[in-house]
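Hi everyone, thanks for coming. I'll walk you through one structure today, so have a look at the screen and stop me whenever you like.

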Amino acid sequence: MSRILYIGSAVMSYEEKGQWVYLAATTTAYGAYLVLMLGRAGTTPLAEIEYQPILLLTIGAAIAGSIIGRMAIEIVRPSESYREDVRDRDIGRFGEYVAGMVIGIGMVGPFILALIGADHFWIANAIYLVFVVQAVAGTVIKLLAYRRGF
Amino acid sequence: MVRPTRVTNDIRRLRFAHGEMTQAELAERVGVTRQTIIAIEQGRYSPSLEMAFQIASAFSVPLDDVFQYPATTKENAR
């Protein structure tokens with residue numbers, strides 16, 4: 001399992017490890033949100049579920065998971081350097097550019113929902129989904145750049 | 001979308017020709033992480049012009065002794 005932390009014989013950089021942790025935390029938290037929501041949907045109509053506490057809890061868990069996960073990985077496999085270099089910044093900018101495009105396009109959905117007067121539930125969930133998709137897209141692009149070239 | 005660079009290099013050969021300099025030593029001289037030196041050596045990252053000069057300077061050789069580009073290799077230039 002720890003092979004994923006290596007590139008050839010070199011342990012991956014601190015910044016790349018951070019991206020893996022962020023991706024895992026974001027997707028796990030959103031997956032947990034969906035499970036918790038769908039678990040309650042059996043007895044209550046979806047839009048009537050009190051979603052706010054679950055949504056805020058899973059967002060908080062994603063943030064906490066990123067921090068704790070990063071610390072845990074550094075304890076298990078300490079990085080050679082904690083310094084961000086020019087390649088990390090180049091890859092970061094590229095990933096954020098893609099994520100920015102995704103969020104720009106994706107926010108059209110919640111915008112339309114607001115215009116047609118949709119329930120707050122659907123608007124909030126559409127925004128959450130767009131944030132998750134942009135986070136995943138940006139992170140995957142960064143990881144591809146780290147692994148396959150940039 | 002994400003594609004490796006077409007720039008090739010002789011960093012690995014030059015490191016061995018310069019007292020078997022390690023990737024970590026070269027990274028320290030250039031001011032980057034070892035992972036970045038590995039990525040450049042493997043053609044997965046095209047360094048900036050400034051970094052390319054820093055790498056050439058670390059070996060005390062001209063830039064085109066370190067980096068080559070397909071359309072401008074010495075053979076093609078003749």
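**How sure is the model?**

Let's start with confidence, and with chain B: its mean pLDDT is 87, and 86% of its residues reach 70 or more. Keep in mind that what you're looking at is a predicted model. Where in chain B is confidence lowest, and where is it highest? The low end is helix 6 of chain B, residues 74-77, with a mean of 53. The high end is helix 4 of chain B, residues 49-59, at 96. For the model as a whole, the scores are ipTM 0.79 and pTM 0.84.

**Chain A**

Okay, over to chain A. Reading from the N terminus, you go through β-β-α-α-α-α-α, which comes to five helices and two strands. If you draw a box along the principal axes, the C-alpha atoms of chain A fill roughly 55 × 30 × 20 Å. Chain A has 150 residues, and 25% of them count as buried.

Now think about who touches whom along the sequence. Take the contacts in chain A with a separation of 6 or more: 79% of them come from residues 24 or more positions apart.

Here's a pair of helices to find on your screen. Helix 1 of chain A, residues 14-41, packs against helix 5 of chain A at an angle of about 150°, and the axes are 10 Å apart. Because of that angle, helix 1 of chain A is roughly antiparallel to helix 5 of chain A. The crossing between helix 1 of chain A and helix 5 of chain A is left-handed. So which residues make the contact? From helix 1 of chain A, they include Trp20(A), Leu23(A), Thr27(A) and Tyr30(A). From helix 5 of chain A, you'll find Val132(A), Val136(A), Leu143(A) and Tyr146(A) among them. Sorted by class, this contact of helix 1 with helix 5 of chain A has nine nonpolar, four polar and two charged residues.

**Where the chains meet**

Next, the contact between the two chains. Chain A puts in 16 residues, and chain B puts in 16 residues. On the side of chain A that touches chain B, helix 3 (86-106) and helix 5 (120-148) of chain A each supply at least two residues. Helix 5 of chain A gives the most to that side, with three residues. The class count for the side of chain A that touches chain B is seven nonpolar, four polar and five charged.

**Back to chain B**

Last stop: a pair of helices in chain B. Helix 2 of chain B (residues 23-30) and helix 3 of chain B (residues 34-41) pack at about 105°, with axes 8 Å apart. That's why we can call helix 2 and helix 3 of chain B roughly perpendicular to each other. Gln23(B), Ala24(B), Leu26(B) and Ala27(B) sit on the helix 2 side, and they meet Arg34(B), Thr36(B), Ile37(B) and Ile38(B) of helix 3 of chain B. By class, this contact splits into five nonpolar, two polar and one charged.

Why do we say helix 3 of chain B is largely enclosed by the rest of the structure? Because six of its eight residues are buried. The buried ones in helix 3 of chain B are Arg34(B), Gln35(B), Thr36(B), Ile37(B), Ala39(B) and Ile40(B). After helix 3 of chain B comes Gly43(B), which has a positive phi, near 75°.

That's my tour, so over to you for questions.

Terms used. Residues numbered from 1 in each chain as written. Chains lettered and ligands numbered in written order. Predicted model: local features only at pLDDT ≥ 70, side-chain atom pairs only at ≥ 80, totals over all residues. Contact = placed C-beta atoms within 7 Å. Helix = DSSP H or I, 4+ residues; strand = E, 2+ residues; numbered from the N terminus. Nonpolar A, V, L, I, M, F, W, Y, C, P; charged D, E, K, R; others polar. Axes fitted to C-alpha atoms, helices over the stretch in contact; angles between N-to-C directions. Parallel < 35°, antiparallel > 145°, perpendicular 65-115°, else oblique. Left-handed = near helix turned anticlockwise from the far one by under 90°. Buried ≥ 20, exposed ≤ 12 C-beta atoms within 10 Å, placed from the backbone. pLDDT = per-residue confidence, 0-100.
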